[in-house]
Amino acid sequence: IECKPFLPFFISLDLPYSGIVGERITIPVRVFNYLDTDIVANVRISSDLWDTIGSSGINAEYGEETIQSGKAGTVEYEISLTEAGNHEITVTAETRSGESDAVRKSLLVQPGGEKIVETS
């Protein structure tokens with residue numbers, strides 16, 4: 001029995017549930033290639049929440065990653081959380097042959113400090 005995945009090219013975004021303002025976190029993006037050939041994927045991460053500090057595999061917010069046929073690659077973005085609230089993060093990936101995928105998820109960023117409750 002031969003089993004083929006539904007999508008031959010896709011990405012997976014693994015976000016933590018939440019972070020704290022001022023914290024630096026790493027966001028791994030997995031790029032899966034089940035096509036018959038190796039690919040070069042253009043990967044981009046975007047959000048108005050933070051300044052991108054850097055990434056492994058590509059430069060800053062955008063770049064290229066080579067993924068072998070039948071394999072997956074990981075691009076990690078190290079970011080600094082700058083504003084409290086629930087923020088959307090979008091990651092897109094596209095190959096030179098026209099395959100593409102996009103993922104949008106939310107990240108809860110909580111204010112730092114200690115919670116003070118006053119009662120009368």
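This is a short walk through one protein chain, from its overall make-up to a few single residues.

A word on the source. The model is predicted.

Start with the elements. The protein chain has nine strands and zero helices. From the N terminus on, the order reads β-β-β-β-β-β-β-β-β.

Now the chain totals. The protein chain has 120 residues, and 32% of them count as buried. The exposed area is about 7,700 Å². Carbon and sulfur atoms supply 45% of that area. Next, contacts in the protein chain between residues at least 6 apart in sequence. Of these, 67% join residues at least 24 apart.

On to strand pairing. I have two pairs to show. β1 pairs with β3 in the antiparallel sense, over five bridges. Take one residue there: isoleucine 11 has valine 31 in β3 as its bridge partner. The other pair is β3 and β7. These run antiparallel, and 10 bridges join them. Here arginine 24 has serine 80 in β7 as its bridge partner. So β3 appears in both pairs: with β1 and with β7.

Now the core. The largest nonpolar core has 24 residues. Which of them touch the most other members? They are Leu13, Ile27 and Val43. Several strands each supply at least two residues of this core: β1 (9-13), β3 (24-33), β4 (39-46), β7 (71-81), β8 (85-95) and β9 (100-110). As background, nonpolar side chains in soluble globular proteins tend to be buried together.

Look at leucine 13 in detail. Set aside residues up to four places away in sequence. Leucine 13 then touches Ile27, Pro28, Val29, Ile89, Val91, Val103 and Lys105. Ile27 is on that list, and Ile27 is also one of the three core residues I just named.

Next, isoleucine 11. This residue sits in strand β1. Is isoleucine 11 buried or exposed? Its relative accessible area is 6%, under the 20% cut-off, so isoleucine 11 is buried. What does isoleucine 11 contact, beyond its neighbours within four places in sequence? The list is Val29, Arg30, Val31, Val91, Thr92, Ala93, Asp101, Ala102 and Val103. Val31 in that list is also the bridge partner in β3. One distance to note. The C-alpha atoms of isoleucine 11 and alanine 72 are separated by 9.1 Å, and these residues are 61 residues apart along the chain.

Now the aromatics. How many aromatic pairs does the structure hold? It holds three. I will describe two. In phenylalanine 10 and tyrosine 34, the ring centres are 6.2 Å apart and the planes stand at 25°, so this pair is stacked. Phenylalanine 10 is in strand β1, and tyrosine 34 is in the loop between β3 and β4, so the pair ties together parts that are 24 residues apart in sequence. The next pair is phenylalanine 32 and tyrosine 34. Their ring centres are 6.4 Å apart and their planes are at 15°, so this pair is stacked too. Phe10, Phe32 and Tyr34 form one aromatic cluster.

How covered are these three? Phenylalanine 32 is buried, at 16% relative accessible area. Phenylalanine 10 counts as partly exposed, at 23%. Tyrosine 34 is partly exposed as well, at 37%.

Two polar residues to finish.

Threonine 95 lies in strand β8. Its relative accessible area is 4%, so threonine 95 is buried. The side chains of threonine 95 and serine 97 are joined by a polar contact of 3.0 Å. What does threonine 95 touch, not counting residues up to four places away in sequence? Phe9, Ile39 and Val40.

Serine 46 is in strand β4. With a relative accessible area of 35%, serine 46 is partly exposed. Not counting residues up to four places away in sequence, serine 46 touches Glu88, Ile89 and Thr90. Valine 91 is 45 residues from serine 46 along the chain, and their C-alpha atoms are separated by 6.5 Å.

To recap. The protein chain has nine strands and zero helices. The largest nonpolar core has 24 residues. One aromatic cluster is formed by Phe10, Phe32 and Tyr34.

Conventions. Residues are numbered from 1 along each chain as its sequence is written. This is a predicted model: local features need pLDDT of at least 70, side-chain atom pairs count only at pLDDT 80 or more; totals for chains, interfaces and linings use all residues. Side-chain values use heavy atoms; hydrogens and water are left out. A nonpolar core is a set of buried Ala, Val, Leu, Ile, Met, Phe, Trp, Tyr and Cys residues joined through side-chain atoms within 4.5 Å. Buried means under 20% relative accessible area, exposed over 50%, partly exposed in between (1.4 Å probe, protein chains only). Helices (H or I, at least four residues) and strands (E, at least two) are DSSP runs, numbered from the N terminus. Contact means heavy atoms within 4.5 Å. A polar contact is a pair of N or O atoms within 3.5 Å; within protein, one must be able to donate a hydrogen and the other to accept it, and residues adjacent in sequence count only if both atoms are side-chain atoms. Accessible areas come from the Shrake-Rupley method with a 1.4 Å probe; for residues, only the protein chains shown count as cover. Two strands pair if DSSP finds at least two bridges between them. Rings of Phe, Tyr and Trp (its six-membered ring) pair if their centres lie within 6.5 Å; planes under 30 degrees apart count as stacked, over 60 as edge-to-face and the rest as tilted.
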